[in-house]
Amino acid sequence: NESNNKDNESINVPLAVDMQATIKTNNTTPMFGENVKWMISVKNNGPDDATGVSLDDILPEGLIFDGYKSSRGIYDNGVWTIGSLNVGDVVYLNITTISDKLGEIINDVEVTSREYDWNMKNNYAEDMIDVRPIADVAIEKFVDNNYPKFGDVVRWTLIVSNNGPNVAHNVVVRDVLPSGLKFIRSNGDYSNNIWKIGSLNVGESKSLVIVCKVTSTGDLNNAADVWAYELDLDKSNNHASESIHVAPASDLSITKIASKYHYRVGDVIEYVIEVVNNGPDTARNIKVSEILDDLLKLKSFKATKGKFNTHSNMWTIKSLGYGESAKLIIRVVATGTGIIKNTVKVTSDTFDYDKSNNKDYVIVNVTEEPSNEPDGYDSSNEGLQSVLEMHPTANPILMLMFAIFSLAFLGNDISKKN
């Protein structure tokens with residue numbers, strides 16, 4: 001009986017699929033606030049068509065959703081609804097986010113379908129980014145006087161702020177003072193042209209005041225730069241500068257001497273006036289006032305530079321360069337007796353930062369006895385002459401030796417200014 005030699009049984013194998021998900025970012029080390037694109041794909045490796053396919057991508061903390069594009073389906077509330085996917089088909093989803101948290105952020109996805117998935121190992125995928133901090137540090141600079149004079153003290157104020165979005169660390173400012181500014185002091189940690197600030201919270205500002213003395217003339221520009229450990233996306237506010245203009249300046253000094261102190265009525269007194277420019281710039285339109293006493297009558301004059309007006313007794317010099325000097329020699333006749341003080345004063349159109357040496361005077365004593373000295377007599381020999389006047393009982397040879405000794409050690413009797 002061969003009818004029972006065979007038998008069979010049926011099994012029902014449900015539809016099976018192998019859903020595969022991948023995710024990759026276009027930037028693994030974005031800056032804080034920078035856009036990051038997540039590129040996601042889903043593929044059906046079969047052997048059957050898949051239905052009800054969806055992928056979960058719930059964005060983690062630190063990622064702000066900024067839009068998406070997909071080749072199929074809709075992404076909403078962290079779910080990408082794909083629908084059906086034939087064997088071998090691949091669909092794509094690109095999600096754009098904004099990094100809103102520092103450090104490591106992991107974004108993971110998982111795909112599912114209605115059909116049995118015989119390989120669950122590739123249904124899950126993840127990628128990670130490491131968000132770098134950024135801080136927009138900015139600097140401003142001010143000066144209390146844009147038009148100081150030579151020798152003035154100026155104050156530079158620097159203000160550094162952190163506009164965020166993160167805390168700024170190791171904030172440093174470089175401010176190299178230009179030639180022409182001499183550092184006096186500051187109110188912060190400023191040394192070797194560097195101001196060390198340290199950390200600045202978002203919205204925080206710190207200031208520094210640098211006090212300097214102006215030591216040259218012309219235009220002086222003072223610039224400063226700021227930076228921090230964090231990346232700064234806006235470099236336009238990392239540099240600041242301020243300028244000052246210092247007008248030309250010169251220190252004019254004047255001296256006046258007389259040939260001696262004692263004179264008699266009718267004697268010729270010789271005054272020597274010297275003007276020196278101690279710089280740093282050329283002095284222009286120089287005026288020296290020489291007001292003669294009523295007991296003095298002008299006899300002659302000689303100027304090495306400029307012109308002397310005998311009516312106004314004003315000596316004018318067009319200009320004197322740095323280090324240059326000029327002399328005026330005036331010879332007057334003493335017409336009366338008394339202690340005569342004669343003063344001179346120098347001014348110019350150029351700023352003079354030291355007025356202490358702009359005046360000088362000399363004093364002479366004119367007595368009544370007339371002098372037998374001819375005009376132009378050199379009074380430097382007066383001491384010798386007085387010594388040589390021999391006493392009736394004196395020895396002329398001894399007196400001559402004494403006179404020579406006195407002249408050598410005592411010198412001429414020359415008047416000095418007070």
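Reader: Is Glu-290 buried or exposed?

Author: Buried. This is a predicted model, and in it Glu-290 has a relative accessible area of 0%.

Reader: What does Glu-290 form a salt bridge with?

Author: Lys-256. The closest N and O atoms of the two are 2.5 Å apart.

Reader: Where do Glu-290 and Lys-256 lie?

Author: Glu-290 is in strand β24, residues 283-290. Lys-256 is in strand β21, residues 250-258. They are 34 residues apart in sequence, so the salt bridge ties together separate parts of the chain.

Reader: And Lys-256, buried or exposed?

Author: Buried. Its relative accessibility is 0%.

Reader: How many salt bridges turn up in the whole structure?

Author: The search finds 5. One of them joins Glu-270 and Arg-331, at 3.8 Å from N to O.

Reader: Which strands does that pair link?

Author: β23 and β28. Glu-270 sits in β23, residues 268-280, and Arg-331 in β28, residues 325-334. The two residues are 61 apart, so this is a link between distant parts of the chain.

Reader: How accessible is Glu-270? And Arg-331?

Author: Glu-270 is at 32% relative accessibility, which counts as partly exposed. Arg-331 is at 22%, also in the partly exposed class. The cut-off matters for Arg-331: buried means under 20%.

Reader: Which residue pairs with Lys-305 in a salt bridge?

Author: Glu-324. The closest N and O atoms are 3.3 Å apart.

Reader: Where are Lys-305 and Glu-324?

Author: In loops. Lys-305 lies between β25 (296-303) and β26 (307-309). Glu-324 lies between β27 (314-320) and β28. The pair ties together parts 19 residues apart in sequence.

Reader: What is the accessibility of those two?

Author: Lys-305 is partly exposed at 31%. Glu-324 is partly exposed at 34%.

Reader: New topic. Which residues make the nonpolar surface patch of about 280 Å²?

Author: Phe-65, Tyr-68 and Ile-74. Tyr-68 belongs to strand β5, residues 63-70. With 32% relative accessibility, Tyr-68 counts as partly exposed.

Reader: Now β12. Why is it largely enclosed by the rest of the structure?

Author: Because 7 of its 9 residues are buried. The strand spans residues 135-143.

Reader: What does β12 pair with, and how many bridges join them?

Author: Strand β13, residues 153-165, through 8 bridges. The two strands run antiparallel. One bridge partnership is Val-137 with Asn-162 in β13.

Reader: Where is Ser-161? Buried or exposed?

Author: Ser-161 is in β13 as well. It is buried, with 15% relative accessibility.

Reader: Which side chain makes a polar contact with that of Ser-161?

Author: The side chain of Ser-205, at 2.6 Å.

Reader: What else does Ser-161 touch?

Author: Leaving out residues up to four places away in sequence, Ser-161 touches Asp-136, Val-137, Ala-138, Leu-200 and Glu-204, along with Ser-205.

Reader: Zoom out. How many helices and strands are in the chain?

Author: 2 helices and 30 strands.

Reader: How much of the chain counts as buried?

Author: 37% of the 418 residues.

Reader: What share of the contacts comes from residues 24 or more positions apart?

Author: 75%, among contacts with a separation of 6 or more.

Reader: What area does the chain expose?

Author: About 23400 Å². Carbon and sulfur atoms supply 51% of that area.

Methods. Residues are numbered from 1 along each chain as its sequence is written. This is a predicted model: local features need pLDDT of at least 70, side-chain atom pairs count only at pLDDT 80 or more; totals for chains, interfaces and linings use all residues. Side-chain values use heavy atoms; hydrogens and water are left out. A salt bridge is a side-chain nitrogen of Lys or Arg within 4 Å of a carboxyl oxygen of Asp or Glu. Helices (H or I, at least four residues) and strands (E, at least two) are DSSP runs, numbered from the N terminus. Buried means under 20% relative accessible area, exposed over 50%, partly exposed in between (1.4 Å probe, protein chains only). Patches are made of residues with over 30% relative accessible area and no salt bridge: like charges are joined within 9 Å, nonpolar side chains (Val, Leu, Ile, Met, Phe, Trp, Tyr) within 5 Å. Accessible areas come from the Shrake-Rupley method with a 1.4 Å probe; for residues, only the protein chains shown count as cover. Two strands pair if DSSP finds at least two bridges between them. A polar contact is a pair of N or O atoms within 3.5 Å; within protein, one must be able to donate a hydrogen and the other to accept it, and residues adjacent in sequence count only if both atoms are side-chain atoms. Contact means heavy atoms within 4.5 Å.
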